[in-house]
Amino acid sequence: MPGPQIILAADVTTNRQHANVAEVEQRLGSLELILGISAVRKTVLIIVLAIIWQVYASYLDNPLLFPTLSDTLTTLYDRFVDGTLPSRIWTTLQVLITGYVAGTLLAAILTILAINTRIGTDFLETMTAMFNPLPAISLLPLALIWFGLGASSLVFVLIHSVLWAVALNTHAGFLGVSRTLRMVGGNYGLTGLSYVTRILVPAAFPSILTGLKIGWAFAWRTLIAAELVFGVSSGQGGLGWFIFENRNLLDIPAVFAGLLTVIIIGLIVENLVFQTIERHTIQKWGMKE
Amino acid sequence: MLQAIQQKMDPTAGLPDVKAASEAKSLLTVDKVTLRYKTPNLLITATEDVSFSVERSDRFVLLGPSGCGKSTLLKAVGGYMAPVSGSIHINGRPVKKPGADRMMVFQEFDQLLPWKTVLENVMFPLVVARKLPRREAEARAKEYIDKVKLTRATDSYPHTLSGGMKQRVAIARGMAMQPDILLMDEPFAALDALTRRQMQDELLQLWEDTRFTVIFVTHSIAEAIKISNRILLLSPHPGRVKAEVIDVDRACQDDGSAVALERDIHNLLFSESGHRE
């Protein structure tokens with residue numbers, strides 16, 4: 001009785017080159033390639049919305065209620081050129097960045113304590129549970145009494161809005177780092193701060209980045225709201241004050257220009273800053289598809 | 001083949017005097033170690049009174065069914081958990097915490113740092129734990145990456161590699177550190193059967209090259225016989241030493257002695273478990 005046999009495939013036995021290899025990889029059509037870029041799709045969407053705005057506002061023809069896009073853009077341009085908007089943006093950004101950086105640093109200290117000590121964990125968990133649901137803006141009246149009508153009140157409120165969001169996400173990220181990676185870190189003899197910075201922070205980076213994004217959005221909203229509600233709080237007002245002031249003057253296109261500026265800055269930070277960080281970190285590392 | 005199996009009828013009995021004398025020079029001694037760990041509502045005894053010693057250049061396999069505490073035992077040798085009683089010594093020093101003299105290779109594919117390339121992954125412990133200068137670390141890392149045949153993937157990130165390639169990187173990372181012992185916790189268990197066989201052959205080839213010492217945990221009898229020169233058989237619930245198989249490398253695939261040994265070990269492991277459960 002014959003044993004098992006191996007029968008080779010035809011093109012192996014004839015030793016012929018694979019003639020159809022070219023079909024394994026084919027280029028996509030150029031339209032498909034362009035539509036594959038999300039930035040292109042989003043830009044198209046924005047242009048469509050802009051056209052709808054322009055058409056509807058022209059039809060409404062009431063600049064006091066709803067100015068056209070072209071009016072808004074003209075006002076935006078004028079205010080930029082005469083220097084009002086840049087100085088307002090600068091005032092707002094200064095306060096914002098101070099508060100954001102301070103809040104993030106505090107969050108870093110709290111989470112490092114929390115991951116290394118049990119009392120730190122309890123402290124962080126209790127504080128986040130208490131203060132995270134508390135709207136930052138509700139602390140502003142108190143802050144104004146404590147710190148007076150100045151940037152320091154705003155910074156205080158900003159820290160409150162950034163701190164808990166960033167700390168909560170970072171801590172959750174640290175806790176979610178797989179046991180294997182923790183053991184690898186221990187195997188290398190890493191402890192304390194070097195363990196946190198070299199293993200936990202990069203391993204938890206997706207959560208940390210989410211926390212930073214949420215913190216940024218909270219800070220931005222809180223600051224504009226604070227300026228709107230309490231008006232000018234230092235020598236010169238920021239963007240929120242610009243919107244408030246022009247509403248009082250019934251310069252509605254300028255109000256829209258102010259709002260548009262807020263949106264544009266938000267878009268720039270989201271799309272340029274955070275997405276660049278994301279592309280160079282978690283996307284490159286395969287932590288996000 | 002049975003004469004190669006030294007059955008220990010009474011695990012609490014002391015080791016023979018002759019052996020105890022030679023153990024003073026052993027690379028690793030595990031002496032009457034009992035390990036317990038807590039789950040939220042249970043205290044589980046993983047191993048009880050386990051003793052063994054590992055000599056330099058041993059390929060020592062811990063073999064047993066699931067629940068015999070072999071992985072827990074390896075973690076204790078790694079320094080991740082302290083024994084409730086008994087002691088673990090490496091080079092005469094007690095094991096207290098994890099350290100780079102005992103490099104671990106895990107079963108999980110996520111043991112590589114995803115934010116580092118293959119080269120950086122292998123270099124990283126050399127730089128942080130061995131304190132080598134970067135140039136030297138890079139040269140040594142490249143040498144070991146070549147050894148595991150990953151030269152082409154040197155600058156790739158782990159998420160672009162296949163499971164087998166990731167385990168190769170982990171092995172290269174462990175070996176590049178030139179640890180006293182390489183601890184491997186079922187490193188090939190998550191691989192497909194074809195890749196697993198290939199990896200076993202490669203591991204043996206690497207051992208021929210450098211004669212490193214390795215403790216290897218597995219639940220596959222065939223893998224244990226293929227890889228080891230000594231096997232410690234453990235019984236489950238709790239883990240106790242059942243027997244030790246020596247000179248495993250004399251078993252040969254061709255004359256059927258490996259198959260016979262595999263059957264003997266299988267019978268030994270499962271003979272009692274029938275009335276136990």
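Reader: How many salt bridges does the rule find across the interface of domain 1 and domain 2 of chain A?

Author: Let's take that as a way into reading an interface: look for charged pairs, then for contacts and buried area. This is a predicted model, and across the interface of domain 1 and domain 2 of chain A the rule finds zero salt bridges. The domain assignment puts residues 7-66 in domain 1 and residues 69-280 in domain 2 of chain A.

Reader: Then which contacts and how much buried area do these two domains of chain A have?

Author: Seven residues of domain 1 touch eight residues of domain 2 in chain A. The area buried between the two is about 730 Å², with carbon and sulfur atoms giving 68% of it. On the domain 1 side, A:W53, A:Q54 and A:L64 lose the most area to domain 2, together 62% of what that side buries. The centres of the two domains of chain A, taken over C-alpha atoms, are separated by 35 Å.

Reader: What does the same reading give for the domains of chain B?

Author: Start with the bounds. Domain 1 of chain B is made of several segments, 1-8 + 17-101 + 188-240 + 257-277, and domain 2 covers 111-178. Their centres, over C-alpha atoms, are 26 Å apart. In chain B, 11 residues of domain 1 are in contact with 12 residues of domain 2. The two domains of chain B bury about 940 Å² between them, 71% of it on carbon and sulfur atoms. Here the rule finds one salt bridge across the interface of the two domains of chain B.

Reader: And between the chains, how many residues are in contact, and which residues of chain A supply the most buried area?

Author: The reading is done in a similar way. In chain A, 19 residues are in contact with 24 residues of chain B. The two chains bury about 1,900 Å² between them, and 66% of that comes from carbon and sulfur atoms. A:M183, A:N187 and A:Y188 supply 38% of the area that chain A buries against chain B, more than any other three residues. As for charged pairs, the rule finds zero salt bridges across the interface of chain A and chain B.

Reader: Where in chain A should I look for a salt bridge that links distant parts of the chain?

Author: It helps to ask where each partner sits and how much of each is accessible. A search over all chains finds 13 salt bridges in the whole structure. One pair is A:D251 with A:R79, whose closest N and O atoms are 2.6 Å apart. A:D251 is in the loop between helix 12 (239-248) and helix 13 of chain A, while A:R79 is in helix 4 (residues 69-81), 172 residues apart. A:D251 is partly exposed at 22% relative accessible area, whereas A:R79 counts as buried at 18%, because the cut-off for buried is under 20%.

Reader: Which residues are joined into one network by salt bridges that share partners?

Author: To find a network, look for a residue that appears in more than one pair. A:K213 forms a salt bridge with A:E270, with the closest N and O atoms 4.0 Å apart. A:K213 is in helix 11 (residues 205-230) and A:E270 in helix 13 of chain A, 57 residues apart. A:K213 also forms a salt bridge with A:E278, at 3.0 Å between the closest N and O atoms. Because A:K213 lies in helix 11 and A:E278 in helix 13 of chain A, this pair ties together parts that are 65 residues apart in sequence. Shared partners thus join A:K213, A:E270 and A:E278 into one network. As for accessibility, A:K213 is partly exposed at 23%, A:E270 is partly exposed at 31%, and A:E278 is buried at 6%.

Reader: Which residues make the nonpolar surface patch?

Author: For a patch, list its members and then place one of them. A:I264, A:I268, A:L272, A:V273 and A:I277 make a nonpolar surface patch of about 400 Å². A:I268 lies in helix 13 (residues 252-280) of chain A, and A:I268 is partly exposed, at 44% relative accessible area.

Reader: Is A:H171 buried or exposed?

Author: A:H171 is buried, at 6% relative accessibility. A:H171 lies in helix 8 (residues 151-175) of chain A. Beyond its neighbours within four places in sequence, A:H171 is in contact with A:T111, A:A114, A:I115, A:T121, A:L124 and A:E125.

Terms used. Residues numbered from 1 in each chain as written. Chains lettered and ligands numbered in written order. Predicted model: local features only at pLDDT ≥ 70, side-chain atom pairs only at ≥ 80, totals over all residues. Heavy atoms only, no water. Patch = residues over 30% accessible without salt bridge, like charges linked within 9 Å, V, L, I, M, F, W, Y side chains within 5 Å. Areas by Shrake-Rupley, 256 points an atom, 1.4 Å probe, with all protein chains shown as cover. Salt bridge = Lys/Arg side-chain N within 4 Å of Asp/Glu carboxyl O. Helix = DSSP H or I, 4+ residues; strand = E, 2+ residues; numbered from the N terminus. Buried < 20%, exposed > 50% of the residue type's maximum accessible area, 1.4 Å probe, protein only. Domains from an automatic or database assignment. Contact = heavy atoms within 4.5 Å. Buried area = accessible area lost by both parts, 1.4 Å probe.
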